[in-house]
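The following note is offered to a colleague who is meeting this structure for the first time. Please read the numbered points with the sequence and the model at hand.

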Amino acid sequence: MTVKTAVAGLVLVLLCGCETVQPWERGLLAKKDMQWTPNIMDARLRSQIYASKEASSGGAGAAGGGCGCN
Amino acid sequence: MATNKNDRNPALMALTSSALLLPAYQGAQADAPPEFAEAGMQYSKYKEDDITAKKAFGFTDSTRQRFDIDVAQFHLLAPVLDDWSVAVDVAWEDMSGASPWFVGESASGDPKVIMSGASIEDNRTEVSVTTRYYFDRGNSGLSLTYSDEDDYESKAAAFDGAFNSADGMTTYSGAISYSDDHIDPTQGAVPTNTTSASKDIYSAWAGVTRIVSKRAIVRFGLSYTYRDGFLTDPYKFRDSRPNERKEWVASGGYRRYFEEQNSALHVDYRYFNDDWDVQSHTLDVAWVWDYSPAVTYTPFIRYYTQHEAEFFNNLAQQDQRYFSDDYRLSAFGAFSYGLRASRKIQNWEVSVDAERYRTDESWGVFSGEESPGLVDFWRYGIGLNYIFK
């Protein structure tokens, strides 16, 4: 419950407390360094390895296909 | 404000698109197709540390060596017509090594692992194709994935979409997926829990991305996954798991650019919970540093901790309905850290990376029995990318 409350509070604060950024002011946000997944192959491999060695998976989108590794 | 697709300014699109959309599926990052096609390949080596005599019975050279995997990956992303893109991802894996078969009790009372004996050999090939349609305020993608290995086959499909608010400050995303998996355990190395079984995986995800400032962006996501079918590990001697698993994930991400340092801070958090009583926290932090226009260094650190599954015991309780001594269901904490370095040379980019992953029961925030099967590993990789421009 505490975690859920903290997450909900954080979401509200971050979503409400934003300055308006015009399209022409978004140059830094569009840099490759700022992407959620800068390297797709690296991200795919790392998420598969972690999922095969831990009891948790997912969180970055819909679940993909399975493998015999877990 | 709606815009005519034919009037799109490529430079403006580059500025406004890629940072706005939350990838509903890895690879979706823009409301315009990529300007240029790109292709990449990567070779990685994954090597688990040998298990020590203190933690294993029947200690020999052939049984102390845990998994060693070679991985080759290929990625292609290309614009098609005016509003479409196609991505193809292929991965080949070649693995060998021994894995924990079951846990027994030593004369001193300590739990010790009995390894699978003869080295297990396997190969896996995965092919994934994603088509994506881009419209003025978002995109939508369909992905098909096929994975085949000696004893396992998986066929999966995913559909996702992302939609920008009118001011472009917020992006709403969603995705659904289905996977049809089948296992025919390889016979001979160890007795197996089944000779043939299947499972289905259904998943749904929703997320929102928000621009916080000229230098920062955040995202939040919620997902639910339902697994139905044979979820027991067929190669574990003492393993019997429920035929259903319901998983929930809440996640958050933050990116902030620091102009003076030419660097971007990446922070990602995930909370996981399921009806097997597994809970986990995952925190990923990376610092993407543009040392020069051509050279980038990315040190990263990851912390993971999980609560044990309700039916986990080092000495599996076989009188219970469900039981398992699989170290992956035990309580533990894990730290991993690494470095990625890349250099651009005209249209080429060469990258190398290394990661060390270590586990210990005492590093976790949840208490539980320490499994002797916990694994540490190294991962190394080298990659090459080319942009067709």
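1. Helix 2 of chain A comprises 14 residues, and the distance from its first C-alpha to its last is 20 Å. That span is close to the 20 Å expected at 1.5 Å a residue. The reader should bear in mind that this is a predicted model.

2. At the N-terminal end of helix 2 of chain A, N39(A) acts as the cap. A side-chain oxygen of N39(A) lies 3.2 Å from the backbone nitrogen of M41(A).

3. Why may helix 2 of chain A be described as largely enclosed by the rest of the structure? Of its 14 residues, 11 are buried, so the description follows. The cut-off applied for "buried" is under 20% relative accessible area. The buried residues of helix 2 include the nonpolar I40(A), M41(A), L45(A) and I49(A), and the charged D42(A), R44(A), R46(A) and K53(A). Y50(A), A51(A) and S52(A) are buried as well.

4. The interface between the two chains deserves separate attention. In chain A, 53 residues are in contact with 98 residues of chain B. Between them the chains bury about 6,500 Å², with 57% of this area on carbon and sulfur atoms. On the chain A side, the residues that lose the most area to chain B are W36(A), M41(A) and K53(A), which together account for 15% of what that side buries. Two of these, M41(A) and K53(A), also appear among the buried residues of helix 2 of chain A.

5. Charged and polar pairing across the interface may be summarised as follows. The count between chain A and chain B is 10 salt bridges. K214(B) forms a salt bridge with E25(A), and their closest N and O atoms are 3.5 Å apart. The rule also finds 23 residue pairs in polar contact between chain A and chain B, both residues being at pLDDT 80 or more.

6. Which helices of chain A each supply at least two residues of the side that touches chain B? They are helix 1 (2-16) and helix 2 (40-53). The largest share of that side, 12 residues, comes from helix 2 of chain A. By class, the side of chain A that touches chain B has 25 nonpolar, 17 polar and 11 charged residues.

7. A last point concerns chain B. D68(B) is located in strand 2 (residues 68-80) of chain B. The side chains of D68(B) and K45(B) are joined by a polar contact of 2.9 Å. Leaving aside residues up to four places away in sequence, D68(B) touches K45(B), Y46(B), K47(B), D94(B), M95(B) and S96(B).

Notes:
Residues are numbered from 1 along each chain as its sequence is written. Chains are lettered from A and ligands numbered from 1 in the order in which they are written. This is a predicted model: local features need pLDDT of at least 70, side-chain atom pairs count only at pLDDT 80 or more; totals for chains, interfaces and linings use all residues. Side-chain values use heavy atoms; hydrogens and water are left out. Contact means heavy atoms within 4.5 Å. Buried area is the accessible area (1.4 Å probe) that two parts lose on being put together, summed over both. A salt bridge is a side-chain nitrogen of Lys or Arg within 4 Å of a carboxyl oxygen of Asp or Glu. A polar contact is a pair of N or O atoms within 3.5 Å; within protein, one must be able to donate a hydrogen and the other to accept it, and residues adjacent in sequence count only if both atoms are side-chain atoms. Helices (H or I, at least four residues) and strands (E, at least two) are DSSP runs, numbered from the N terminus. The expected span of a helix is 1.5 Å times one less than its number of residues. Buried means under 20% relative accessible area, exposed over 50%, partly exposed in between (1.4 Å probe, protein chains only).
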